[in-house]
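Student: I have a structure open beside its sequence, and I would like to learn how to read it feature by feature. Could you take me through it?

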Number of protein chains: 2
Amino acid sequence: MNVGIVGLGLIGGCIGLELKANGHEVYGVARRQQTCDQALAVQAVDKANTELASLAPCEVVFVCTPIATIVSMVSQLAQVLSPTTVITDVASVKGALVRAATQQWPNFVGGHPMSGKSVAGIEAAERGLFLGNSYVITPVDGAESEDGERDGAELKTDESAIALVEQLAKELGSVLYRCTPAEHDRAVAWISHLPVMVSANLIRSAVSEPDDTVRQLAENLASSGFRDTSRVGGGTPELGLMMAQYNRAEVLRSLKRYQQSIATTIEQLEAKDWAGIESTLEATKAARTRFV
Amino acid sequence: MNVGIVGLGLIGGCIGLELKANGHEVYGVARRQQTCDQALAVQAVDKANTELASLAPCEVVFVCTPIATIVSMVSQLAQVLSPTTVITDVASVKGALVRAATQQWPNFVGGHPMSGKSVAGIEAAERGLFLGNSYVITPVDGAESEDGERDGAELKTDESAIALVEQLAKELGSVLYRCTPAEHDRAVAWISHLPVMVSANLIRSAVSEPDDTVRQLAENLASSGFRDTSRVGGGTPELGLMMAQYNRAEVLRSLKRYQQSIATTIEQLEAKDWAGIESTLEATKAARTRFV
């Protein structure tokens, strides 16, 4: 199959590596010629070009550019692709863009490969990044219009377009899930975006300790518990900001529920409700096994 | 040196293993004969007995029993030890017991080796548990009476008793810190006890999701971010309860500061204050490097 990839960073590069190795003809597009040359050098693509028009022969195109650019990228691609081409994306937030992209291109299929690394760029691309990890496909269905927009009610992602993206995601070694954009965004708020906020606020409140001796001691004594709980709050600021901006409603919803939960713990401590605290900790210990 | 250990669980067993290997004569006491036999079998002690009186020859005694029993254990030991013997403990909270124990035994030195494993008991004891980890010594000093008690103002831990415990802690391979019980409890609230509450509430709020499809999806999609942030909140309930009970004031203080921090994030999201969120995430990324 002729597969196009726009945006040859870590994710675009890794998709190219896998699909080229699997025998597909991979066409890459990057803004800079230097990135094109790198992608060719590491065998992530068969052809590389700075022009979107070079993707005209492709049956499917992965848009792997930053989330803010995806809808406009789809409308640019609409000028150069044949109408049967399927366009898919890899953004980590879906509600903000899947309907808009589908309005630009009926054969658009939203997708989210839940894989990453702490380093970005084509230099970091490697085989196996997607192996065993989730890949969520988020079609839209005219029957449900979760954002209440009249336009949205008409849209329904084509089943054969979904099947094509699912086939390629399977070739990456991913575990497939399918849900609506709204369900996706609500679920990732809980397991990915809320943890960043929870964790960042742990760091922010610890460094707010006004007693210098205590703060210094805390920094010295911190070990695995603090390290793990603070990890995602000490990650890339751009990623956290993107979650906040593009999944604002769901991040707010989960944070408000979390805030209520924290308030309950404070009430239990103030009331010395030891049975309540113990039963909470027993419940969270049991519940965690369903997530990990 | 003749070293006594009361309570032959994981920590008591590990202290015995290290100090016996270092040439000390180690006297162990456990409630059950079976535990005594196990401690002898794994070379954690030279002698083992179910009677506290067997510790009479010891120059130092480590109390490694549960936190709730420490002060009464010190008063029982006071009946059988010679007055020059130093008693120390290994509890993870200090304010609630160091002054009370010192009132029972002037040669008491509070201590907290910050090492552990997810499994308990003498069966899990091994060499190297303390190597490179913090060991906090928490003497009291008459000059400061942080709890305002008149009795406390008279107490001051003897320097030679502190030196003896510090010497043995060094032999365990630990990195030594010294601070007041109040400073210890405030610091560990930030880096150990608050993370448990933060993390448990993440789990509790995620499982409160009323939409079954979304909750199931969240459970399926959870990966390293949720796994790390939720780890300590899914730990032993008894440990979390102990922190809450014995360090209640400091856990409450840190939780209330944390609650304010969460409220600030909610305000920033509601106001779409992206610059504020980005600068917070930049600050937490930078601050975390001081802890880990």
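**Reading the model, from chain to residue**

Tutor: Gladly, and please keep in mind from the start that this is a predicted model. For an overview, chain A contains 11 helices and 9 strands, and its C-alpha trace spans about 70 × 45 × 30 Å along the principal axes.

Student: What percentage of the residues of chain A count as buried?

Tutor: Of the 292 residues of chain A, 52% count as buried. It also helps to ask how contacts are spread along the sequence: among those in chain A between residues at least 6 apart, 67% join residues at least 24 apart.

Student: How far should helix 1 of chain A span, and what is the distance between its end C-alpha atoms?

Tutor: The expectation comes from a rise of 1.5 Å a residue, so the 12 residues of helix 1 of chain A, residues 10–21, should span 16 Å, and the end C-alpha atoms are indeed 16 Å apart. Helix 10 of chain A can be read in the same manner, since its 23 residues reach 32 Å from the first C-alpha to the last, close to the 33 Å expected.

Student: Is helix 1 of chain A largely enclosed or largely open?

Tutor: Because 10 of its 12 residues are buried, helix 1 of chain A is largely enclosed by the rest of the structure. Among those buried residues are A:Leu10, A:Ile11, A:Cys14, A:Leu17 and A:Glu18, and what covers them includes strand 1, strand 2, helix 2, strand 4, strand 7 and helix 5 of chain A. After helix 1 of chain A comes A:Gly23, whose phi is positive, near 100 degrees.

Student: How should I describe two helices that cross, and at what angle do helix 6 and helix 10 of chain A do so?

Tutor: A crossing can be described by distance, angle, handedness and the residues in contact. The axes of helix 6 (residues 181–207) and helix 10 (residues 248–270) of chain A come within 9 Å and cross at roughly 65 degrees, and the crossing is right-handed. Helix 6 of chain A contributes residues including A:Ala189, A:Trp190, A:His193 and A:Leu194, while helix 10 of chain A contributes, among others, A:Val251, A:Ser254, A:Leu255 and A:Tyr258. By class, this contact has 8 nonpolar, 2 polar and 4 charged residues.

Student: What do the buried residues of helix 10 of chain A pack against?

Tutor: They pack against helix 6 and helix 9 of chain A, together with helix 6, helix 9 and helix 10 of chain B. The buried residues in question include A:Glu250, A:Ile262, A:Thr265 and A:Leu269.

Student: How many residues of each chain are in contact across the interface?

Tutor: There are 80 residues of chain A in contact with 80 residues of chain B. On the side of chain A, the largest share, 20 residues, comes from helix 6, and by class that side has 40 nonpolar, 23 polar and 17 charged residues.

Student: Where does B:Gly234 lie, and which residues does it touch?

Tutor: B:Gly234 is placed in the loop between helix 8 and helix 9 of chain B. It has 22 C-beta neighbours inside 10 Å and therefore counts as buried. Not counting residues up to four places away in sequence, B:Gly234 touches A:Thr284, A:Lys285, A:Arg288 and B:Ile203.

Student: How many residues are in the largest nonpolar core?

Tutor: The largest nonpolar core has 181 residues, and those with the most contacts inside it are A:Val61, A:Val74, B:Val61, B:Val74 and B:Leu221. Setting aside residues up to four places away in sequence, B:Val61 touches B:Gly4, B:Val6, B:Leu55, B:Leu77, B:Leu81, B:Thr85 and B:Ile87.

Student: Which sign does phi have in most residues other than glycine?

Tutor: Most residues other than glycine have a negative phi. Against that background, B:Gln43 has a positive phi of about 65 degrees although it is not a glycine, and B:Lys272, also a residue other than glycine, has a positive phi near 50 degrees. B:Gln43 lies in the loop between helix 2 and strand 3 of chain B, whereas B:Lys272 is in the loop between helix 10 and helix 11 of chain B. With 14 C-beta neighbours inside 10 Å, B:Gln43 counts as partly exposed, while B:Lys272, with 12 other C-beta atoms within 10 Å, is exposed.

Key
Residues are numbered from 1 along each chain as its sequence is written. Chains are lettered from A and ligands numbered from 1 in the order in which they are written. This is a predicted model: local features need pLDDT of at least 70, side-chain atom pairs count only at pLDDT 80 or more; totals for chains, interfaces and linings use all residues. Helices (H or I, at least four residues) and strands (E, at least two) are DSSP runs, numbered from the N terminus. The expected span of a helix is 1.5 Å times one less than its number of residues. A residue is buried if 20 or more other C-beta atoms lie within 10 Å of its own, exposed if 12 or fewer, and partly exposed in between; C-beta atoms are placed from the backbone. Two residues are in contact if their C-beta atoms, placed from the backbone, lie within 7 Å. Axes are lines fitted to C-alpha atoms, for helices over the stretch in contact, and angles run from 0 to 180 degrees between N-to-C directions. A crossing is left-handed if the near helix is turned anticlockwise from the far one by less than a right angle, and right-handed if clockwise. Ala, Val, Leu, Ile, Met, Phe, Trp, Tyr, Cys and Pro count as nonpolar, Asp, Glu, Lys and Arg as charged, and the others, Gly among them, as polar. A nonpolar core is a set of buried Ala, Val, Leu, Ile, Met, Phe, Trp, Tyr and Cys residues joined through C-beta atoms within 7 Å.
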